[in-house]
Amino acid sequence: MKILVTGGAGFIGSAVCRHLVKDLGTAVVNVDKLTYAANLDSLKPVSENPLYSFHRQDICDPEAILAIMRSEKPDAVMHLAAESHVDRSIDGPAIFIETNVMGTYSMLEAARTYWSELEGPARDRFRFHHISTDEVYGDLPFDESLFTETTPYAPSSPYSASKASSDHLVRAWNHTYGIPVVLSNCSNNYGPYQFPEKLIPLVTLNALEGKPLPVYGKGDNVRDWLHVEDHAKALATVATRGEIGHSYNVGGRCERTNLAVVEAICDILDAQLPRPDGLPRRNLISFVTDRPGHDRRYAIDCSKIEAELGWTPSRTFEEGLADTIRWYLANEDWWRPIRDKNYAGQRLGTGSTKT
Ligand code: NAD
Ligand code: DAU
């Protein structure tokens with residue numbers, strides 16, 4: 001089995017590459033443009049493995065993608081490459097439309113030609129797995145039930161609208177051209193190797209350095225958290241055993257307010273590495289101007305993937321968060337160069353205002 005993974009140098013893509021190569025013995029062809037969010041150091045655990053290979057390539061070039069497909073002959077594509085940060089999409093939406101919409105279109109066109117050239121078992125085996133987000137379902141009121149696979153799409157941000165568009169393209173290419181696709185929509189991931197502009201690594205590293213911990217609005221927005229290694233296992237399951245044309249919601253059954261997450265990080269860090277002055281890190285929490293159009297809540301019903309494919313999250317948030325914080329403490333060589341550039345915790349573009 002050989003899988004072409006796009007975005008394999010990113011947070012989730014690198015976890016997928018590590019899982020496929022190291023745990024499952026699957027050959028991986030990683031195709032990544034290496035944007036600001038990429039880090040080849042996240043692939044050190046597999047980079048010397050003969051099962052792993054890398055092409056630096058923009059997915060928005062369908063001819064180049066088709067050439068890679070023809071030469072590498074993958075059995076499946078797992079398409080993760082995307083612009084992924086909501087705040088960046090608010091400050092500069094163009095690249096989100098380019099990468100997430102046009103890039104997915106380009107991947108689908110390359111896959112359509114490649115698949116049409118396959119014969120026999122290779123053609124039957126081929127799958128195009130599109131990796132998407134729970135944000136396509138939009139703003140979930142606090143008192144409403146969870147997102148299921150049939151919840152209507154209602155994206156709120158330029159990011160989620162671009163991902164919703166890409167999901168529609170994938171379904172249309174299946175319906176019209178018959179390409180064997182599967183989709184998955186996942187909740188918020190956390191874990192090692194996450195770029196420190198996202199809430200959990202940003203707050204962890206700011207707390208470590210005694211800097212303010214920016215909480216948007218009142219901190220009462222709710223997210224459903226899943227460890228990235230559990231997500232990688234779910235993705236491998238969907239790619240290999242998902243039913244053609246189906247989508248699968250993936251989540252951690254773990255809803256937390258943002259304030260609760262930030263407080264948990266403070267308490268875990270205080271226990272693992274007390275501040276020299278002995279003060280609690282909760283003192284660093286700083287309520288700042290809210291994200292425009294901030295969705296109140298996301299919450300996933302993952303009973304379909306559990307019942308049909310037998311996947312289930314393996315760790316609790318408390319265990320996973322403590323492990324993640326331990327990982328950041330032990331891997332300063334991974335995050336220090338990124339932090340030193342400019343990502344020290346301000347909202348991008350407009351900057352945060354303390355409230
Ligand atoms: P990330 O930002 O960490 O990584 C994205 C990767 O895509 C990077 O390596 C980047 O270089 C690559 N990339 C971007 N544009 C490219 C292009 N034009 N051509 C080739 N490569 C390109 O993202 P992530 O958090 O790992 O998310 C991966 C996927 O999972 C995305 O599709 C995202 O929408 C989806 N997702 C993320 C989460 C989450 O919590 N992070 C949750 C659900 C779904
Ligand atoms: O739900 C899945 C999505 O989760 C993915 O599709 C996205 O790619 C991923 O980035 C993530 O989106 P969020 O916007 O939920 O993640 P982020 O880490 O940016 O923010 C989590 C919550 O914390 C959100 O409600 C905004 C808030 N927040 C974020 C930052 C960066 C803060 O309060 N302060 C911050 O500094």
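**Figure 1. Arg339 and its salt bridge to Glu209 in the predicted model.** Arg339 is buried, with a relative accessibility of 6%. Its salt-bridge partner is Glu209, and the closest N and O atoms of the two residues lie 2.7 Å apart. Glu209 belongs to the loop between helix H8 (199-208) and strand E8 (213-216), whereas Arg339 is part of helix H13 (residues 332-341); the pair therefore ties together parts separated by 130 residues in sequence. In contrast to the buried Arg339, Glu209 is partly exposed, at a relative accessible area of 27%.

**Figure 2. The salt bridge between Asp267 and Arg282.** The closest N and O atoms of Asp267 and Arg282 are 2.6 Å apart. Asp267 is located in helix H10 (residues 258-272) and Arg282 in the loop between H10 and strand E12 (285-288), so the contact ties together parts 15 residues apart in sequence. Both partners are partly exposed: Asp267 has a relative accessibility of 33%, and Arg282 has a relative accessible area of 38%.

**Figure 3. Asp340 and Arg336 within helix H13.** A salt bridge joins Asp340 to Arg336, with 3.8 Å between the closest N and O atoms. The two residues are four positions apart in helix H13, a separation of about one helical turn. Asp340 is exposed, with a relative accessible area of 55%, while Arg336 is partly exposed at 26% relative accessibility. Through shared salt-bridge partners, Asp340 and Arg336 belong to one network with Glu209, Lys211, Glu332 and Arg339. The structure holds 24 salt bridges.

**Figure 4. Aromatic pairing of Tyr328 with Trp334.** The structure contains 16 aromatic pairs. One of them is formed by Tyr328 and Trp334, whose rings adopt an edge-to-face arrangement with 6.5 Å from centre to centre and 75 degrees between the planes. Tyr328 is buried, at 1% relative accessibility; Trp334 is likewise buried, with a relative accessible area of 6%.

**Figure 5. A cluster of aromatic rings comprising Tyr137, Phe147, Tyr153 and Tyr298.** Ring pairs link these four residues, three tyrosines and one phenylalanine, into a cluster.

**Figure 6. Charged side chains over tyrosine rings.** The charged end of Arg112 is positioned over the ring of Tyr177, at 3.8 Å from the ring centre. In a second arrangement of this kind, the charged end of Lys304 sits over the ring of Tyr248, 4.6 Å from its centre.

How values were computed: Residues are numbered from 1 along each chain as its sequence is written. Chains are lettered from A and ligands numbered from 1 in the order in which they are written. This is a predicted model: local features need pLDDT of at least 70, side-chain atom pairs count only at pLDDT 80 or more; totals for chains, interfaces and linings use all residues. Side-chain values use heavy atoms; hydrogens and water are left out. A salt bridge is a side-chain nitrogen of Lys or Arg within 4 Å of a carboxyl oxygen of Asp or Glu. Buried means under 20% relative accessible area, exposed over 50%, partly exposed in between (1.4 Å probe, protein chains only). Rings of Phe, Tyr and Trp (its six-membered ring) pair if their centres lie within 6.5 Å; planes under 30 degrees apart count as stacked, over 60 as edge-to-face and the rest as tilted. A charge sits over a ring if NZ of Lys or CZ of Arg is within 6 Å of the ring centre and within 35 degrees of the ring normal.
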